[in-house]
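Welcome, and thanks for taking a look at this one. Please open the structure below and keep it in view as you read.

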Amino acid sequence: SSAEPVQKPIHFRAHARVALDAQGVPQQVDVDPKLPAVIRDVIAQRVTQWRFEPARVGDQPRAGATTVFLDACAVPSANGDMRLAVDYGWNGPGYADGRYFHPAPRYPVDAAKRGAEGDFRVVLQVGADGRATVENIEARKGQLRLFDQALRTWVATLRYVPEEIEGAPVVTRVAIPVD
């Protein structure tokens with residue numbers, strides 16, 4: 001009835017560290033501990049049903065670990081329960097500070113003074129130590145020279161939880177759009 005309060009869906013993001021066997025089958029799913037236990041359990045159950053392309057060394061599949069980023073939506077039901085939908089976002093190295101997205105780079109003062117805008121694709125390597133280094137910066141729109149140093153400084157501050165192959169951290173290539 002119109003007198004009843006409207007229950008709105010709750011959209012949120014989550015992440016989980018997933019250990020995979022050599023066939024890409026999740027063996028262990030550790031969901032963000034900041035989430036309530038009931039939500040963590042549902043997410044872990046769902047991710048355990050998924051299959052991933054396994055890590056490879058040469059042509060040989062290997063066991064590994066990655067961080068999976070998820071979109072989720074909790075919908076309250078009339079009886080007080082919640083229905084939860086979980087969807088794959090992407091996977092790769094996790095953020096060392098537990099974030100769901102990388103922090104935004106600082107806008108360069110010179111670019112701001114000129115009213116300049118840019119759209120870039122920053123390709124970086126996440127080292128086995130979790131530190132990021134710039135591999136390439138591609139300008140899709142705007143002048144790279146106004147943004148280059150700010151983007152490089154930003155990448156140098158990023159810290160990750162590296163992906164693993166057979167228990168050892170590995171270098172991973174990541175592309176990040178920056179607008």
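This report goes from the overall chain to one helix, then to salt bridges, and ends with a single aspartate.

**The chain as a whole**

Keep in mind that this is a predicted model. The protein chain has three helices and 13 strands. Along the principal axes, its C-alpha atoms fill a box of roughly 55 × 55 × 25 Å. The radius of gyration of the protein chain is 20 Å, whereas a compact globule of 179 residues would have one near 16 Å. In terms of burial, 37% of the 179 residues count as buried. If you take the contacts between residues at least 6 apart in sequence, 63% of them join residues at least 24 apart.

**Helix 3**

A handy stop for a geometry check is helix 3, which covers residues 144-157. Its 14 residues should span 20 Å at 1.5 Å a residue, and the end C-alpha atoms are 19 Å apart, so the expected and modelled values agree. Which residues of helix 3 are buried? They are L146, F147, D148, A150, L151, W154 and V155. These buried residues pack against helix 2 (109-114) and also against three strands: strand 8 (119-126), strand 9 (132-141) and strand 13 (172-178).

**Salt bridges**

The count of salt bridges comes to nine. Three of them are set out here, with the distance between the closest N and O atoms.

| Acidic residue | Basic residue | Closest N and O atoms |
|---|---|---|
| D97 | R99 | 2.6 Å |
| E117 | K141 | 3.7 Å |
| E138 | R121 | 3.9 Å |

In the E138 and R121 salt bridge, the pair links distant parts of the chain, with E138 in strand 9 and R121 in strand 8, 17 residues apart. E138 has a relative accessible area of 35%, so it counts as partly exposed. R121 is partly exposed as well, at 29% relative accessibility.

The salt bridge of E117 with K141 has its closest N and O atoms 3.7 Å apart. Here E117 sits in the loop between helix 2 and strand 8, while K141 belongs to strand 9, so the pair ties together parts that are 24 residues apart in sequence. Is E117 buried or exposed? With a relative accessible area of 53%, E117 is exposed. Its partner K141 counts as partly exposed because its relative accessibility is 47%.

For the pair D97 and R99, joined at 2.6 Å, D97 counts as partly exposed at 48% relative accessibility. R99 also counts as partly exposed, at 39%.

**A buried aspartate**

Finally, have a look at D21, found in the loop between strand 1 (10-20) and strand 2 (26-31). D21 is buried and has no salt bridge. How far away is the nearest side chain of opposite charge? That side chain belongs to R51 and is 7.3 Å away, whereas a salt bridge needs the nitrogen and the carboxyl oxygen to be within 4 Å.

What does the side chain of D21 make a polar contact with? One partner is the side chain of Q27, at 3.2 Å. A polar atom of the D21 side chain also lies 2.9 Å from the backbone nitrogen of Q23. Once neighbours within four places in sequence are left aside, D21 is in contact with Q27, P54, R62 and A63. Q27 thus turns up both in that contact list and as a polar partner of the D21 side chain.

Conventions:
Residues are numbered from 1 along each chain as its sequence is written. This is a predicted model: local features need pLDDT of at least 70, side-chain atom pairs count only at pLDDT 80 or more; totals for chains, interfaces and linings use all residues. Side-chain values use heavy atoms; hydrogens and water are left out. Helices (H or I, at least four residues) and strands (E, at least two) are DSSP runs, numbered from the N terminus. Buried means under 20% relative accessible area, exposed over 50%, partly exposed in between (1.4 Å probe, protein chains only). Lys and Arg count as positive and Asp and Glu as negative; His and the chain ends are not counted. A polar contact is a pair of N or O atoms within 3.5 Å; within protein, one must be able to donate a hydrogen and the other to accept it, and residues adjacent in sequence count only if both atoms are side-chain atoms. Contact means heavy atoms within 4.5 Å. The expected span of a helix is 1.5 Å times one less than its number of residues. The radius of gyration is taken over C-alpha atoms; the globule rule is 2.2 Å times the number of residues to the power 0.38.
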